[in-house]
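Here are a few exercises to work through with the model open beside you. Try each task before you read its solution.

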Amino acid sequence: MSAGAAPELLELALATLAGDRPALERLVAAGRPDRRWRETLLQTALFAGIPRVVAAWGHVSAAGGLGAPDGDELLEADDPDAAGAACFAEVYGRGAEAVHTSLVDFHPLFARWIREFAYGRVLARPGLSLGERETLAVACLAALNLPRQLASHVRGAQRAGVAPDEIQGALERGLALAPAEKHEALRAIGRRFLLD
């Protein structure tokens, strides 16, 4: 089993998603920011949007920052489409082709952006394991009340080797931001879609 994201990384992603400046400042003051923190903020752009992450980076910089990236942290995949396709297949398993086809049906360029950017340039990056990245996704998707995507990433986290209790824990953290009337339905997704 691989580990899911550390509690402080889940808190960082969710505080970014919520635009919670005091929480971001507390995290930086209490933590030991490193590459894993920077990777979490980079990934959170997929869920929070770029403006929210720009604001979060400003808040954490004012509170002491997350340290400077080292040389290899600035490298990207030589072929983001291939890296994205491999990561996408790992997350979606046997359903990867069907999910990709549905994205192409929405718009072929959108499907390419998801594979090349979201999966190839963000989720396939080193610095966090896929299990850590998937538990961050679970927390953010629960917070955003996105059941379909939550189900996919609950499965993806388990495929990445994260223990069911860690996945459920990430989901519970995300529920703090979700509408209260949606909590039970979102919890049910966690229980239903954990693979046997």
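**Exercise 1.** Find which helices each supply at least two residues of the lining of the second largest pocket in this predicted model.

*Solution.*
- Step 1: Go through the lining helix by helix; H3, helix H4 (50–62) and H7 each provide at least two residues.
- Step 2: Look for the main contributor, and you arrive at H4, which gives the most, with four residues.
- Step 3: Add the space itself, about 230 Å³ for this second largest pocket.
- Step 4: Now take the residues around the centre: 13 residues line the second largest pocket, and Leu42, Ala45, Phe117, Arg121 and Val122 are the closest to that point.
- Step 5: Sort the lining by class, which yields nine nonpolar, no polar and four charged residues.

**Exercise 2.** Describe the largest pocket by its volume, its lining and the elements that build it.

*Solution.*
- Step 1: The volume of the largest pocket comes to about 800 Å³.
- Step 2: Its lining holds 28 residues, and those nearest the centre are Tyr92, Leu103, Tyr119, Gln149 and His153.
- Step 3: Two or more lining residues come from each of helix H3 (35–48), helix H5 (80–92), helix H6 (96–106), helix H7 (108–123) and helix H9 (147–159).
- Step 4: Split by class, the lining of the largest pocket has 20 nonpolar, five polar and three charged residues.

**Exercise 3.** Work out how H5 and H6 pack, and what kind of aromatic pair phenylalanine 88 and tyrosine 92 form.

*Solution.*
- Step 1: Begin with the axes: those of H5 and H6 come within 8 Å and cross at roughly 115°.
- Step 2: List the contact, made by Phe88, Ala89 and Tyr92 on the H5 side and by Ala96, Val99, His100 and Leu103 on the H6 side.
- Step 3: Class these residues, and the contact of H5 with H6 has six nonpolar, one polar and no charged.
- Step 4: Turn to the rings; the whole structure has three aromatic pairs. One of them joins phenylalanine 88 and tyrosine 92, at 4.5 Å centre to centre with 40° between the planes, and is tilted.
- Step 5: Place this pair in the fold: both residues lie in helix H5, four residues apart, about one turn of the helix.

**Exercise 4.** Is the crossing of H1 and H8 left-handed or right-handed, and which residues make the contact?

*Solution.*
- Step 1: The axes of helix H1 (residues 7–18) and helix H8 (residues 130–143) come within 10 Å, crossing at roughly 35°.
- Step 2: The crossing of H1 and H8 is right-handed.
- Step 3: H1 brings Leu9, Leu10, Ala13, Leu14 and Leu17 to the contact, while H8 brings Thr135, Leu136, Ala139, Cys140 and Ala143.
- Step 4: By class, the contact of H1 with H8 has nine nonpolar, one polar and no charged residues.

Definitions and conventions. Residues numbered from 1 in each chain as written. Predicted model: local features only at pLDDT ≥ 70, side-chain atom pairs only at ≥ 80, totals over all residues. Heavy atoms only, no water. 1 Å grid on protein atoms, 1.4 Å probe; cavity = no way out; pocket = protein on both sides within 12 Å on 5 of 7 lines; lining within 4 Å. Points joined across faces, edges and corners; volume = space filled by probe spheres on them. Nonpolar A, V, L, I, M, F, W, Y, C, P; charged D, E, K, R; others polar. Axes fitted to C-alpha atoms, helices over the stretch in contact; angles between N-to-C directions. Left-handed = near helix turned anticlockwise from the far one by under 90°. Contact = heavy atoms within 4.5 Å. Phe/Tyr/Trp six-rings, centres within 6.5 Å; stacked < 30°, edge-to-face > 60°.
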